[in-house]
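Reader: I'm new to this and would like to understand the labels people put on structures. Could you go through this one with me?

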Amino acid sequence: MAVLTVRDGRDDLGTTVTSFMSVSLEPPMVAAGVATSSYLTEVLKRRDRWAATVLSSGQRALAGRFAAEGRPSARILLASAPHHRGTHSDALIPEAGVSALECETRQTVAAGDHTLFVAEVLAADYIARDENPLIRANRRYLT
């Protein structure tokens with residue numbers, strides 16, 4: 001699972017995404033699926049730089065906070081968790097994940113009730129090779 005974050009003026013938004021994948025090695029590119037009807041999709045269509053943090057197995061609570069309906073600003077959701085701003089995206093980046101990538105959207109693709117944001121990876125903010133990823137399948141977390 002990953003948390004996608006974006007800065008929109010004075011506000012910070014974010015959501016948990018279960019659809020996040022690598023699509024190219026050269027140039028390095030990823031894709032993230034976001035519900036088309038969400039406000040975040042509207043913001044991502046006008047703000048092309050964002051961050052994606054691949055969560056570690058110890059960040060289940062954080063994934064839940066970012067997945068909740070009617071969630072507040074990402075700043076509030078991250079208030080009790082170590083985080084920082086990305087230098088390329090200016091998005092909030094939770095720490096202690098498996099990795100964090102700063103991205104710039106190159107293409108959007110309508111896919112059913114979601115929009116895929118295909119983005120070039122501008123920078124790997126961090127990579128923690130000793131962390132295990134948080135994985136959710138069939139509505140359950142895997143250990």
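Reader: Where is Thr-15 placed?

Author: Thr-15 sits in strand 2, which covers residues 11-17. Keep in mind that this is a predicted model.

Reader: Why is Thr-15 called buried?

Author: Its relative accessibility is 11%, and buried means under 20%. Since 11% falls under that cut-off, Thr-15 counts as buried.

Reader: Which residues does Thr-15 touch, leaving aside neighbours within four places in sequence?

Author: Thr-15 is in contact with Ala-2, Val-3, Leu-4, Leu-40, Phe-66 and Arg-71.

Reader: What makes the link between the side chains of Thr-15 and Arg-71 a polar contact?

Author: The two side chains are joined at 3.0 Å, and the cut-off is within 3.5 Å for a pair of N or O atoms. So the Thr-15 and Arg-71 pair passes the distance test.

Reader: Which sheet does strand 2 belong to, and what is the strand order?

Author: It's an open sheet of 7 strands, in the order 2-1-5-8-9-4-3, with antiparallel pairing. Strand 2 and strand 3 (20-25) are at the edges because each has a single partner strand, so one side of each has no neighbour in the sheet. From one strand to the next, the twist averages 35 degrees.

Reader: How do you know that strand 1 and strand 5 pair?

Author: Strand 1 (residues 2-8) and strand 5 are joined by 4 bridges, and pairing takes at least two. So they count as a pair, and they run antiparallel. Leu-4 stands opposite Ala-52 in strand 5.

Reader: What packs on the sheet?

Author: Helix 1 (residues 39-46) does, touching strand 1, strand 2, strand 4 (28-35), strand 5 and strand 9. Its direction makes about 60 degrees with that of strand 1. There is also helix 2 (residues 60-67), which lies across strand 1 and strand 2 and runs at about 115 degrees to strand 2.

Reader: What makes Glu-104 and Arg-49 a salt bridge?

Author: Their closest N and O atoms are 3.5 Å apart, and a salt bridge needs the nitrogen within 4 Å of the carboxyl oxygen. So the pair qualifies. Glu-104 is in strand 8 (residues 99-111) and Arg-49 in strand 5 (residues 49-54), 55 residues apart, so this pair links distant parts of the chain.

Reader: Is Glu-104 buried or exposed?

Author: Buried: Glu-104 has 12% relative accessibility, and the cut-off is under 20%. Arg-49, at 33%, counts as partly exposed.

Reader: Which other salt bridge does Glu-104 form?

Author: Glu-104 also forms one with Arg-106, with the closest N and O atoms 3.4 Å apart. Arg-106 forms a salt bridge with Glu-120 as well, at 3.0 Å. Arg-106 lies in strand 8 and Glu-120 in strand 9 (residues 114-127), so that pair ties together parts 14 residues apart in sequence.

Reader: Why is Arg-106 called partly exposed?

Author: Arg-106 has 44% relative accessibility. Buried is under 20% and exposed is over 50%, with partly exposed in between, so 44% lands in the middle group.

Reader: How many salt bridges does the structure hold?

Author: There are 10. Elsewhere, Asp-8, Glu-42, Arg-46 and Arg-47 are linked in a network of salt bridges.

Conventions:
Residues are numbered from 1 along each chain as its sequence is written. This is a predicted model: local features need pLDDT of at least 70, side-chain atom pairs count only at pLDDT 80 or more; totals for chains, interfaces and linings use all residues. Side-chain values use heavy atoms; hydrogens and water are left out. A salt bridge is a side-chain nitrogen of Lys or Arg within 4 Å of a carboxyl oxygen of Asp or Glu. Helices (H or I, at least four residues) and strands (E, at least two) are DSSP runs, numbered from the N terminus. Buried means under 20% relative accessible area, exposed over 50%, partly exposed in between (1.4 Å probe, protein chains only). Contact means heavy atoms within 4.5 Å. A polar contact is a pair of N or O atoms within 3.5 Å; within protein, one must be able to donate a hydrogen and the other to accept it, and residues adjacent in sequence count only if both atoms are side-chain atoms. Axes are lines fitted to C-alpha atoms, for helices over the stretch in contact, and angles run from 0 to 180 degrees between N-to-C directions.
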